[in-house]
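Please look over the sequence and the structure shown below before reading on. The report then takes up a few backbone details, the ligand and its surroundings, and the aromatic rings.

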Amino acid sequence: MKTLIIYASIHHGNTEKIARTIAAVLDADIVEAVNVGIGNLEEYDLIGFGSGIYGWKHHKSLLNLIDRLPNTNVGAFIYSTRGNLIRLVPLENYHKVARNSLLEKGFEIVGEFSCLGFDTSGPLRLVGGKNRGHPDERDLDDAREFAAGLKNGVRFTETMGS
Ligand SMILES: Cc1cc2nc3c(=O)[nH]c(=O)nc-3n(C[C@H](O)[C@H](O)[C@H](O)COP(=O)(O)O)c2cc1C
């Protein structure tokens, strides 16, 4: 299964850590969203799309990329890091824009992953931020487990972290 991991990780490099962890398990190629050559995606069986969450959705560079993709029927998974606890805002909400855009393009969504990331946005900066240290080792283990599920052909796997 030839896999590509696409990421945007602007704030603190939180999502890049998850992207690299998943890529290591899947032996995947990895590229930043802004550097994706659209014509080069045909060789992949599975593509992961991830970024931090910015204003309730994925980073615009990732969403813009998805909008520019041609129609396809390959597998995709969505991942993210975020500042808010998942019990406060369901993952469904944060991944909704990316998920709908990917489905419109014909991708089959085979998994979704999210975990906390260090967040110093807005007034949080004044108090040193929140979720310091995240993604932590446990988050990375969750990401490895998620990736192992994909590797073993699980049809749909979801990990929401804390
Ligand atoms: C401008 C801005 C907006 C954000 N909006 C949200 C949000 O709506 N919900 C949330 O849970 N986290 C939000 N965050 C926190 C980021 O999603 C979090 O820090 C993430 O781990 C950043 O990932 P990155 O370092 O890979 O860019 C926001 C951060 C910034 C800077």
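## Backbone, ligand and rings

Pro135 is found in the loop between strand 6 and helix 4 (137–151), and the peptide bond that leads into Pro135 from His134 is cis, with omega near 0°. The model described here is a predicted one. A second backbone detail concerns Trp56, which has its place in the loop between strand 3 and strand 4 (57–58) and has a positive phi of about 75° although it is not a glycine. As background to both details, most residues other than glycine have a negative phi, and most peptide bonds are trans.

Trp56 also leads to the ligand, since an oxygen atom of the ligand is 2.9 Å from a polar backbone atom of Trp56. The table sets this distance beside two others that also involve polar backbone atoms.

| Ligand atom | Residue with the polar backbone atom | Distance |
|---|---|---|
| oxygen | His11 | 2.8 Å |
| oxygen | Trp56 | 2.9 Å |
| nitrogen | Gly83 | 3.0 Å |

Taken alone, the ligand exposes 650 Å², and the protein buries 85% of that area. The ligand sits in the largest pocket, and the elements that give two or more residues to the shell around the ligand are helix 1 (14–26), strand 3 (46–54) and strand 5 (75–82). Which of the elements gives the most to this shell? It is strand 3, with three residues.

There are 21 residues around the ligand, and those that come nearest are Ser9, Thr15, Ile53, Tyr54 and Thr81. When the residues of the shell are divided by character, six are nonpolar, 13 are polar and two are charged.

Strand 3 appears once more when the aromatic rings are considered. How many aromatic pairs does a search of the whole structure find? The search finds five, and one of the aromatic pairs is formed by Phe49 and Phe107. A pair of aromatic rings is described by the distance of the centres and the angle of the planes. For Phe49 and Phe107 the distance is 5.5 Å centre to centre and the angle between the planes is 80°, an arrangement that is edge-to-face. Phe49 lies in strand 3, whereas Phe107 lies in the loop between helix 3 (91–105) and strand 6 (108–116), so the pair ties together parts that are 58 residues apart in sequence.

Technical notes: Residues numbered from 1 in each chain as written. Predicted model: local features only at pLDDT ≥ 70, side-chain atom pairs only at ≥ 80, totals over all residues. Heavy atoms only, no water. Near = heavy atom within 4 Å. Polar contact = N/O pair within 3.5 Å; in protein donor to acceptor, adjacent residues only side chain to side chain. Areas by Shrake-Rupley, 256 points an atom, 1.4 Å probe, with all protein chains shown as cover. 1 Å grid on protein atoms, 1.4 Å probe; cavity = no way out; pocket = protein on both sides within 12 Å on 5 of 7 lines; lining within 4 Å. Sits in = over half its atoms within 2 Å of the grid points. Helix = DSSP H or I, 4+ residues; strand = E, 2+ residues; numbered from the N terminus. Nonpolar A, V, L, I, M, F, W, Y, C, P; charged D, E, K, R; others polar. Phe/Tyr/Trp six-rings, centres within 6.5 Å; stacked < 30°, edge-to-face > 60°.
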